[in-house]
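Me: I'm new to this one and would like a close look at the place where the two chains are linked by charged side chains. Could you start there and then work outwards?

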Amino acid sequence: MSVHNPNFVLMVEGLTVSFDGFKAVDDLSFYVEPNECRVIIGPNGAGKTTVLDLICGRTKATAGSVNFKGNELLNMREDQIVHAGVGRKFQTPSVYEDLTVFENLELSYPKGHGVFGALAFRRDDTVTARIQEIAETIFLDDQLDEKAAFLSHGQKQWLEIGMLLIQDPELLMLDEPVAGMSVAERKKTAELLNRIIQDRSVIVIEHDMGFVEDIATRVTVLHQGKTLSEGSMERVQNDPKVVEVYLGH
Amino acid sequence: MMTNASNRFLSRSELIGFAVLAAIIFIVLPVMLDTFRLNLFGKYLTYAFVAIGLVLCWGAGGILSLGQGVFFGLGGYCMAMFLKLEASTPENTAIQSTPGIPDFMDWNQLTALPVWWEPFKVLPLALLAVVLVPVVFAFIIGVAMFTRRVGGVYFAIITQAFAAILTILIIGQQGYTGGVNGITDLRTLLGWDIRTDEAKEVLYYVNGVLLFVVLFAAQFVRKSKLGRLLIAMRDQEDRVRFSGYNVANFKIFVFCLGAAFAGIGGAMFTLQVGFMSPTLVGIVPSIEMVIFCAVGGRLSILGAVYGALLVNWAKTTFSESFPELWLLGLGGLFIAVVMAFPNGLAGIWAEQIAPRLAKLTKSGGASVPLPDAAKSPAE
C-alpha cells in the first residue's frame, strides 16, 4: 500500500486486473494532481474503461493500489467511494428515463442516502435552488419537468454530467463525454467541461483529438493495459511509439 | 414551479381513485352482497395486501418475488396459532390424552406445547409476530440475496424455492404445524366468536380499514424519494450505486415492506376464512399473487386491489362451473396481460379510458354539445 502524498489527489500503483488469465490492465501506475485534467487515450481494448471501473469499484482489482486522498479505494464499496468524493460518468448515457430531469438531479443531490434518510427526504429551497443552478449549467433549465426519456442523446449526456456535478466530487471521471454528439453539441460540451473542470481533478477518456488537445493538462496513452506514453499532448503526439500503435491509424 | 404538484401526497386523480375504491369496499359491496359473498370478497381483498407489496417490489423496484405466499402464510399461521391456542382450552380438549394442547399435536403424540408456540398465547405478541416473522424472514433472504447482487430471474427462482421449502416443511412437521390439513377449527378471538355472520361483517370492515392503512403506507413510500429511487434502481441500477447509494439496503427494505403487507393480509385471511393451510403458502398461490398484481397493473397500487378482486372473483365464478378449465384460463389471462397489456387494468384505464372520459366530460360540459358532435364528422 502506498503512502499518501499530498501532491497527488489520486495515486494508482501497480494496478492489475486479470479476467481468466487475460490482463486487461497490467501493472499500471499513474498519478493525478489537484485540479489536473488527465485524458486517457488509446486504441480499442486498451483497458481505458476498465481503469475507470477499477477506480470506482465497479470491477475488483486483482492486485495493486488506488489511493485517493489517503483512502485505499480498492477496499471500499462503490457507494463509499462516491462519498469519499469520486464521481463517475458512464460511456452510454445512464439517466433515469422514467423520471423527470428535476427528479434525476434530485436523486443525485448528496443528502438522504440511507433508507430512512430517503424516506424522510424533503424538497426544501436549498435543494430546489441547487438543482436550478445545476440545470442552468447543463443547459437544461427549460426541461426540468420533462421526462429524461424525451431528451436528445446529447442532452442525456449533459444531464448525467449534471448529476455528477450536483455531488460536487473532487475527482470526476468521464467516459467519452462527447461520443455520438452533433458538432454543435460537441462545442457546447467542450465549453461546459472547460467550466466544470476548473476546481477539481478530472480523468477523461476520449477519442476526439481536437477535444483532447483543448482540455488536457496531461495525456496518458494506454496500450494493452499498460502505459505506452505519458506527458503533455505535444510530447505524446510526437512519441514514435504512440504514432505507431494509435495516432498513425 | 413543478415541485408542488408532484410533491403532493395524493394528486387530484389519485384522490378520486382512492375515494372510488373506498366507496366500493365500504358501501357498494356490503349493500349488494349477502354475508356469505361479502366474506368471499373480504377473502379476495386479503390478497390485495400482497399485490400492493408486489407493486412496490416488482412494479417500482423491479424485484420479482415468486414467493410472496411464504409471507402471506407466515402472517396467517401466526394468527392461526393464537386462535388455535385459544380454541384449545383444557375444557374443549378434555377428550384428548393431553388436554390443553391443539388437537393435531395430540394426534401426533405430542404431550406438551412446543416452546416456540408459547408466545402465541398472548394476542399482542401474536399480532406483532404477524408482521415481524415475515419481515425477519424477508430480511434474511434479502441480505443473503441482495448483498450478493442476486437479482432478476435468479431471485425469482430462489424465492419460488423458498415457497416450496416452506410448504414441505409445514407438511412434514405435522405435529407442530398441523401438516397438510393446516390449522383448522378456529373459533374465537378473545372470547368473540369469529364464525358468526355478524363477526364476518365486522372483520370485513376491519380488513377494509387495514387495506387502506397499507395503501396509504405504500403511497407514502411511492411519493418519497425512496419511491423514485426504486424506479431509478429498476432502470439504471449502476447509476444509483455510483450516485452514492447502497442499492442492496433499498432492495432489502422494500422486500421487507412487501413481506409485512403480505403478513397482515395472511392474518386477515385466517380471521375471515377460519383456517390456514400449506396450500395457501406454496408455489401456485405465490404465482397467482403475481398474476393479481400483473392483471391489476404492476405500477398501480389501486390497480393491484382491483386485480386481486377481479381475478379471485373470476376464479370463484369459473371454477364453480368449469373446474378443469380454470387453471388454463388463468394462464391464458397472464399471457394476455403480459403480451397485450403490460400495465394491466390500470394501464388500460390510464391510456384508453381516462383520456376518452376526459374528452366526453369536456364536450358534455359545453353549452351546445349536440351541434358540435354532429358537426365534427362532416368536417
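Reply: Let's start with Glu106(A), which is buried, with a relative accessible area of 0%. Here buried means under 20% relative accessible area, exposed means over 50%, and partly exposed is anything in between, using a 1.4 Å probe and protein chains only. Before going on, note that this is a predicted model, in which local features need pLDDT of at least 70, side-chain atom pairs count only at pLDDT 80 or more, and totals for chains, interfaces and linings use all residues. Residues are numbered from 1 along each chain as its sequence is written, chains are lettered from A and ligands numbered from 1 in the order in which they are written, and side-chain values use heavy atoms, leaving out hydrogens and water.

Back to Glu106(A): what does it pair with? Its salt-bridge partner is Arg228(B), with the closest N and O atoms 3.0 Å apart. A salt bridge is a side-chain nitrogen of Lys or Arg within 4 Å of a carboxyl oxygen of Asp or Glu. Arg228(B) sits in helix H10 of chain B and Glu106(A) in helix H3 of chain A, so this pair joins two chains. Arg228(B) is buried too, at 7% relative accessible area.

The helix around Glu106(A) is well hidden: H3(A) is mostly covered, with eight of its eight residues buried. They are Val101(A), Phe102(A), Glu103(A), Asn104(A), Leu105(A), Glu106(A), Leu107(A) and Ser108(A). The helices and strands named here are DSSP runs numbered from the N terminus (helices are H or I and at least four residues, strands are E and at least two).

There is another cross-chain pair to look at: Arg234(B) forms a salt bridge with Asp98(A), and their closest N and O atoms are 2.7 Å apart. Arg234(B) is in helix H10 (residues 225-235) of chain B, while Asp98(A) is in the loop between strand S6 (86-89) and helix H3 (101-108) of chain A, so this pair joins two chains as well. Arg234(B) is partly exposed at 27% relative accessible area, and Asp98(A) is partly exposed at 36%.

Salt bridges turn up elsewhere too. By this rule the count comes to 33 over all chains. One of them is between the side chains of Asp238(B) and Arg241(B), at 3.3 Å from N to O. The two are three residues apart in helix H11 (residues 237-241) of chain B, so about one helical turn separates them. Arg241(B) is buried, with a relative accessible area of 9%. Both residues also belong to a network of salt bridges that links Asp53(A), Arg58(A), Arg88(A), Asp175(A), Glu237(B), Asp238(B), Arg241(B) and Lys251(B).

In chain A, there's another arginine to find. Arg38(A) lies in strand S3 (residues 37-41) and is buried at 0% relative accessible area. Its side chain makes a polar contact of 2.8 Å with that of Thr220(A). (A polar contact is a pair of N or O atoms within 3.5 Å; within protein, one must be able to donate a hydrogen and the other to accept it, and residues adjacent in sequence count only if both atoms are side-chain atoms.) Not counting residues up to four places away in sequence, the residues that Arg38(A) touches include Phe30(A), Tyr31(A), Val202(A), Arg218(A) and Glu230(A), where contact means heavy atoms within 4.5 Å.

Now over to chain B for a longer look at one helix. H7 (residues 152-172) has 21 residues and reaches 30 Å from its first C-alpha to its last, close to the 30 Å expected at 1.5 Å a residue; the expected span is 1.5 Å times one less than the number of residues. Its buried residues are Phe155(B), Ala156(B), Thr159(B), Ala163(B), Leu166(B), Thr167(B) and Ile170(B). They cover an arc of only 120 degrees around the axis, which puts them on the same side of H7(B); the arc is that of the directions from the helix axis to the C-beta atoms. What covers them includes helices H4 (68-87), H6 (123-146) and H12 (247-273) of chain B. The face turned away from that buried side carries the exposed residues Val153(B), Tyr154(B), Ile157(B), Ile168(B) and Gly172(B).
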